[in-house]
Amino acid sequence: MSDLTLCDTDSSEEPEPSLSLRLEAAIKWEAKLLSEPKNRLALAALSTHASTAILQKPSALLHDTHVFSDQIELEGTPVTNQRSSGRCWLFASTNVFRVPIIKKYKLTGFELSQNYLFFWDKLEKANFFLEQIINTQEADLDGRLIQYLLQSPVGDGGQWDMAVNLVEKYGLIPQAFYPDSFNSKSSGRINWLITAKLREAALTLRSLGASCKSGELEIYKAKVLQEIYGVLVLSLGVPPKPDDTFTWNFHDKDGKFRSITTTPLEFYKENTGTISYGAGVIDGVLGGGDRGGVAERFSLVNDPRNEYNRLLTVERLGNVVGGRGVKYVNVSTDVMKSAAIAMIKAQRPVFFGCDVGKFAEGGRGIMDTGLFDYELGYNITLYMNKAERLRTGESSMTHAMVLSGVNIVDGKPTKWRVENSWGAESGEKGYWLMSDAWFDEYCYQVVTDPAFVSNEVLNVLKQDPISLPIWDPMGSLA
């Protein structure tokens, strides 16, 4: 933190104390600002162009090149595109899942159906929300909890544990069997429609709650879910069911024809086990022993507001009733980096969550704390550290992507290669570059296999978690 205080003002012109904003003061500020030629140049440039274009540092662009000491040999192809939706967590998850499948079947490219998981997630979230409303009958409608629950009951975002819930219950299918629809690529309209219906249902459930028996509430809830299912079918298409049989025909990279008949659940169980490094389950806290690598992986997070080597959870956050709750092992950034580097060296892509909008440039696909010189352009400095940004709402986890490479110099990472889901036109043919300094400040989560962390970290999973309120920044959904 800087030693700057409120007393550090321009001694040549002491401001006069005032409780209200005075126009005379603003006039003086303007005159002082525009008396400097640099500021007049800034006015001409920044008022007519995007500041991110004007204030980029050439020095940052020069060292932000896609050359890495360690990189996953088999990166998933094609580059994916979530379009105008908030499905990044589903794209990041399936981009992780597909790499061992591509390797196993010797494919030149492959994509799993994000729309399949998207459909069932919407329906599960609707059910999860209605159960939350039923279980909070005594809470004040105008109170913070209910108002927060009502904000975005079926938003597109999610978390790793929520993705695990979906694939454990519904499995996975190739994209060809349930491709994107117009409404999955542009989800705003169906989100509004389903949210409006759920808010209406919430009022009805609360009204009925005092006089109805629980069975009657469940009957009404089932009716609402039936309507929402209809909206989803008509908007996204009729989805395959977890036990539906499908036959996947394809040619591998050698031109050999192959045909596999299976179901979504079988396809998931038979193929995602290849993701696991074989560390096993830790006393049942991660999942069943026959579930494979996906269920074994868990989230490391860096939340400097809370004690490290502590287990965190977020109350009332989830998608599948009775499913796996959201859990985080809070560690230093060094522990997160160590796990990510070990996974990349073992040729395993890494799901991670970050605040993608800070010090980032989408065209070039660069995330670097030194990318923009805001002090030069706007005469303003920003001093908050990571914990303070979380406490004030200045930062939170907003986006999920995949780490596929790292550059290590003298034993320390300097930059990271990132697989995004914003299409091939963004970044370097769809891949972004993240400086290690940016990782420190704006990376919040790395999902790891148990094999790549110490026993000390694994033992944190046995703790009773510290429960954060649902509106906590760590409850934000990527």
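**Exercise 1. Which residues is Gln-56 in contact with, leaving aside its neighbours within four places in sequence?** Work in the predicted model, and then describe the setting of this side chain.

*Solution.* Begin with the position: Gln-56 belongs to the loop that runs between α3 (51–54) and α4 (58–63). Once its neighbours within four places in sequence are set aside, the residues in contact with Gln-56 are Leu-61, Glu-361, Arg-364, Leu-371 and Phe-372. Next, take the polar partners of the side chain, which reaches the backbone oxygen of Thr-52 at 3.0 Å and is joined to the side chain of Arg-364 by a polar contact of 2.9 Å. Finally, classify the accessibility: because the relative accessibility of Gln-56 is 15% and buried means under 20%, Gln-56 counts as buried.

**Exercise 2. Determine how many aromatic pairs there are, and examine the one formed by Trp-120 and Tyr-170.**

*Solution.* The count comes to 20 aromatic pairs. In the pair of Trp-120 and Tyr-170, the ring centres are 4.6 Å apart and the planes make an angle of 10°; since planes under 30 degrees apart count as stacked, this pair is stacked. Now place the two rings along the chain: Trp-120 lies in helix α6 (residues 114–134) and Tyr-170 in helix α8 (residues 160–170), so the pair ties together parts that are 50 residues apart in sequence. Both Trp-120 and Tyr-170 are buried. As a further step, follow the ring pairs that link Tyr-105, Phe-110, Phe-177, Phe-246, Trp-248, Phe-250 and Phe-267, which form a cluster.

**Exercise 3. Locate the rings over which the charged ends of Lys-415 and Arg-417 sit.**

*Solution.* For Lys-415, the charged end sits over the ring of Phe-68, at 5.5 Å from the ring centre. For Arg-417, the ring is that of Tyr-431, and the charged end sits over it at 4.0 Å from the centre.

**Exercise 4. Describe how domain 1 and domain 2 meet.**

*Solution.* First fix the bounds: the domain assignment gives domain 1 as 55–84 + 296–477 and domain 2 as 108–271. The C-alpha centres of these two domains lie 26 Å apart, and the contact takes 29 residues from domain 1 and 31 residues from domain 2. The size of an interface is often expressed as the accessible area that is lost when the parts come together. Here domain 1 and domain 2 bury about 2700 Å² between them, with 58% of it on carbon and sulfur atoms. On the side of domain 1, the residues that lose the most area to domain 2 are Arg-316, Asn-319 and Trp-471, which together account for 29% of what that side buries.

Notes:
Residues numbered from 1 in each chain as written. Predicted model: local features only at pLDDT ≥ 70, side-chain atom pairs only at ≥ 80, totals over all residues. Heavy atoms only, no water. Helix = DSSP H or I, 4+ residues; strand = E, 2+ residues; numbered from the N terminus. Buried < 20%, exposed > 50% of the residue type's maximum accessible area, 1.4 Å probe, protein only. Polar contact = N/O pair within 3.5 Å; in protein donor to acceptor, adjacent residues only side chain to side chain. Contact = heavy atoms within 4.5 Å. Phe/Tyr/Trp six-rings, centres within 6.5 Å; stacked < 30°, edge-to-face > 60°. Lys NZ or Arg CZ within 6 Å of the ring centre and 35° of its normal. Domains from an automatic or database assignment. Buried area = accessible area lost by both parts, 1.4 Å probe.
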